[in-house]
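Please read the following report alongside the sequence and the coordinates. It moves from overall confidence and fold content to cores, a buried acidic residue and aromatic pairs.

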Amino acid sequence: MDFKQIEVTSQTITVQWLPGFDGGSDQTFIIEYKFDNYANFNMHIGDIQDTKTKQNRTLAGLTSSTEYSIKMKAHNSYGENPTDPISVTTSGKPELINVKVDINNGKVTVTWTLSEPGNAFKLRLEYREIGTDTFRVLEDDIPVNQTSITVPLPDSTKNNYEFQVVVCEGSLCQTATSSPIVKECKLTFVEA
C-alpha cells in the first residue's frame with residue numbers, strides 16, 4: 001500500500017494512499033499518529049471505508065513546528081496490515097507583524113510583514129463594520145511576497161471599520177477565530 005504525506009501546513013498534515021489488494025474481503029483503514037517522541041500512537045482516525053481508489057485524509061488541529069509519526073492499518077476479515085510509520089514535521093506558523101492601516105481619499109492602504117511564510121500561499125484582506133459579526137472579503141489572492149495593498153473603501157458613507165489580513169495555508173484560510181491581526185480604523189468624512 002502506497003502511504004505518503006501530500007500537504008503540510010502549520011496545523012494540518014494531509015496523507016494519501018492507494019489501497020492494496022484486499023483478498024476479496026471488504027477492508028477499512030485506520031490512521032494512527034502521535035508526537036514523534038511519544039512511545040505509543042495515541043491519536044487516530046478510524047473506520048475509513050475502502051473506495052478502491054486513491055484516498056486523502058487531513059489530520060487537523062496539530063501543533064506548528066512539531067514532528068509527528070503517522071501510520072495506517074488496513075483491516076478486514078483476514079487480519080490487519082500496517083504500513084511503516086512516516087515522520088512529518090508541521091511547518092512554522094506564518095505570522096503577520098507590523099500591520100498598519102491608513103485611510104486617504106476614499107481608499108484604504110494596509111501594510112504588513114509576514115514573519116515566516118511557512119506554507120502560506122496567499123493572503124486575504126477582510127473588513128467589517130464595527131458592531132457586526134461577519135468579516136467580508138475586500139481583496140483575495142494577495143501574493144505572499146506582497147507587503148501592502150491599496151483598495152477602495154467598501155462604502156465611504158460608513159465611518160467605523162475593522163480590517164484584518166488573513167493568512168491562507170494549503171487549502172485552509174484562517175478565520176477571525178484563529179486570531180488574525182485586526183486593526184480598527186475610525187473614519188470621518190466631511191461633505192464638501
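The report below begins with the basis of the model and then turns to its interior.

This is a predicted model, in which local features need pLDDT of at least 70 and side-chain atom pairs count only at pLDDT 80 or more, whereas totals for chains, interfaces and linings use all residues. Residues are numbered from 1 along each chain as its sequence is written, and side-chain values use heavy atoms, with hydrogens and water left out.

The protein has a mean pLDDT (the predictor's confidence in each residue, from 0 to 100) of 80, and 84% of its residues reach 70 or more. It contains 16 strands and zero helices, both being DSSP runs numbered from the N terminus, with at least two residues (E) for a strand and at least four (H or I) for a helix. The extremes of mean pLDDT among the elements are tabulated here.

| Element | Residues | Mean pLDDT |
|---|---|---|
| Strand S8 | 86-89 | 93, the highest |
| Strand S16 | 182-186 | 45, the lowest |

Over residues 175-192 pLDDT stays under 50, although the model has 39 contacts (heavy atoms within 4.5 Å) beyond four places in sequence for this stretch. Where pLDDT is low, the predicted coordinates should not be read in detail.

Of the 192 residues, 39% are buried, a term that means under 20% relative accessible area, with exposed meaning over 50% and partly exposed in between (1.4 Å probe, protein chains only). The largest nonpolar core (buried Ala, Val, Leu, Ile, Met, Phe, Trp, Tyr and Cys residues joined through side-chain atoms within 4.5 Å) has 18 residues, and those with the most contacts inside it are Val 110, Trp 112, Leu 125 and Phe 163. Two or more residues each come from strands S9, S10, S11, S12, S13 and S14. A second, separate core of 17 residues includes Met 72, Ala 74, Ile 86 and Val 88.

Strand S14 also holds Glu 162, which is buried with a relative accessible area of 14%. The side chain of Glu 162 makes a polar contact at 2.6 Å with that of Arg 128; such a contact is a pair of N or O atoms within 3.5 Å, where within protein one must be able to donate a hydrogen and the other to accept it, and residues adjacent in sequence count only if both atoms are side-chain atoms.

Phe 35, Tyr 38 and Tyr 68 form one aromatic cluster, where rings of Phe, Tyr and Trp (its six-membered ring) pair if their centres lie within 6.5 Å, with planes under 30 degrees apart counted as stacked, over 60 as edge-to-face and the rest as tilted.
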